[in-house]
Amino acid sequence: MILESEKRIIKTGDHRICLEDPLNPGRCIKVVKPEKTVRKMGIKRTVRTSQYIKRRYRIDDLNKAEYEMIQKLPDELKLYLPANISWGYENEESILSMDRPKDYDGKYSLTVQEFAAANGKILNNAFWDHVKKIVEIMVKYDLPFFHTFQDGNNMIIQKVTDDDWRPVLIDFKPWGIKE
């Protein structure tokens, strides 16, 4: 397992940890958490995350499944994904890797939730025009919304210029994808 102490944690999700790649801070890697806490009939217990994903979603390798799903997305939606997404193994652990979006000032872009917590409402028309376009694409191709709009942690606001902001989708697990 990639040790969390070896890499800087960017975010922790329900099933995975997103870490800064120590060899290239401009990239992040997603790894499946070793364990997670689940509640069944009011009783909490710790289970291996990979086993939980396999039982609940019938997926053997979440990162590989996500990568394969990304490859099937329409090109017009891929414009809203991070650049240079790749998948592979490191020390027998499945890794999903991608570039970290940066703003025009060189700072790493914030998630919608981080931005809203620091600045309040998102009052950029270009950003909302892009969000509308994403929704239109997803409806057009009958795609699930990937938790995209759930809590603001799965979409980044990338400031291309002071006035031109665009959303970047950073979580696209294959729940509900129609084959």
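Buried, in this tour, means under 20% relative accessible area, and the structure open in your viewer is a predicted model. With that cut-off in hand, select Arg27, which counts as buried because its relative accessibility is 13%.

**Stop 1: Arg27 and its partners**

Keep Arg27 on screen and add Asp99, since the side chains of these two residues meet in a salt bridge with an N to O distance of 2.6 Å. The pair links distant parts of the chain, with Arg27 in strand β3 (residues 24–32) and Asp99 in strand β7, 72 residues apart. If you now show the two strands as a cartoon, you can follow β3 and β7 as they pair in the antiparallel sense over 4 bridges, and in this pairing Arg27 stands opposite Asp99.

Next, select Ser97, which is also found in strand β7. Is Ser97 buried or exposed? Its relative accessibility is 9%, and so Ser97 counts as buried. A polar contact of 2.7 Å joins the side chains of Ser97 and Arg27. To see the surroundings, show the residues that Ser97 is in contact with, leaving aside its neighbours within four places in sequence: these are Arg27, Cys28, Ile29, Asn84, Ile85 and Ser86.

**Stop 2: the hairpin of β2 and β3**

From β3, move to strand β2, which forms a hairpin with β3 that has 2 residues between the strands. The two strands run antiparallel and are joined by 6 bridges; to find one of the paired positions, select Ile17, whose bridge partner in β3 is Val31.

**Stop 3: Glu20 and two arginines**

Now select Glu20 together with Arg8, whose side chains meet in a salt bridge at 3.1 Å, N to O. Glu20 lies in strand β2 (residues 16–21), while Arg8 lies in the segment before β1 (9–12), so the pair ties together parts of the chain that are 12 residues apart in sequence. Glu20 has a relative accessibility of 14% and therefore counts as buried, whereas Arg8, at 46%, counts as partly exposed.

Add Arg100 to the selection, and a further salt bridge comes into view, in which the side chains of Arg100 and Glu20 meet at 2.9 Å, N to O. Arg100 lies in the loop between β7 (93–99) and β8 (110–111) and Glu20 in strand β2, so this pair ties together parts that are 80 residues apart in sequence. Both Arg100 and Glu20 are buried.

Before leaving Arg100, show the ring of Tyr108, because Arg100 lies over the face of that ring, at 3.6 Å from the ring centre.

**Stop 4: other charged groups**

How many salt bridges does the structure hold? There are 11 salt bridges in the structure, and some of them form a network that links Arg16, Lys30, Glu66 and Asp171, which can be selected together. For another contact between a charge and a ring, select Lys36 and Tyr52, where the charged end of Lys36 sits over the ring of Tyr52, 4.5 Å from the ring's centre.

**Stop 5: strand β9 and its neighbours**

Turn next to strand β9 (residues 155–159), in which 4 of the 5 residues are buried, so that the strand is largely enclosed by the rest of the structure. On one pairing, β8 and β9 run in the antiparallel sense over 2 bridges, and selecting Leu110 will show this residue standing opposite Ile157 in β9. In another pairing, 5 bridges join β9 to strand β10 (residues 165–169), and these strands also run antiparallel. A hairpin joins β9 to β10 through 5 residues, and among the paired positions is Lys159, whose bridge partner in β10 is Trp165.

**Stop 6: aromatic pairs**

The tour ends with aromatic rings, of which a search of the whole structure finds 3 pairs. Select Trp87 and Tyr89, an edge-to-face pair with 5.2 Å centre to centre and 70° between the planes. Trp87 is partly exposed, with a relative accessible area of 27%, while Tyr89, at 53% relative accessibility, counts as exposed.

Finally, select Phe127 and Trp128, whose ring centres are 5.0 Å apart and whose planes are at 85°, so this pair is edge-to-face. Phe127 counts as buried at 1% relative accessibility, and Trp128 counts as partly exposed at 40%.

Methods. Residues numbered from 1 in each chain as written. Heavy atoms only, no water. Salt bridge = Lys/Arg side-chain N within 4 Å of Asp/Glu carboxyl O. Buried < 20%, exposed > 50% of the residue type's maximum accessible area, 1.4 Å probe, protein only. Pairing = 2+ DSSP bridges. Phe/Tyr/Trp six-rings, centres within 6.5 Å; stacked < 30°, edge-to-face > 60°. Lys NZ or Arg CZ within 6 Å of the ring centre and 35° of its normal. Polar contact = N/O pair within 3.5 Å; in protein donor to acceptor, adjacent residues only side chain to side chain. Contact = heavy atoms within 4.5 Å.
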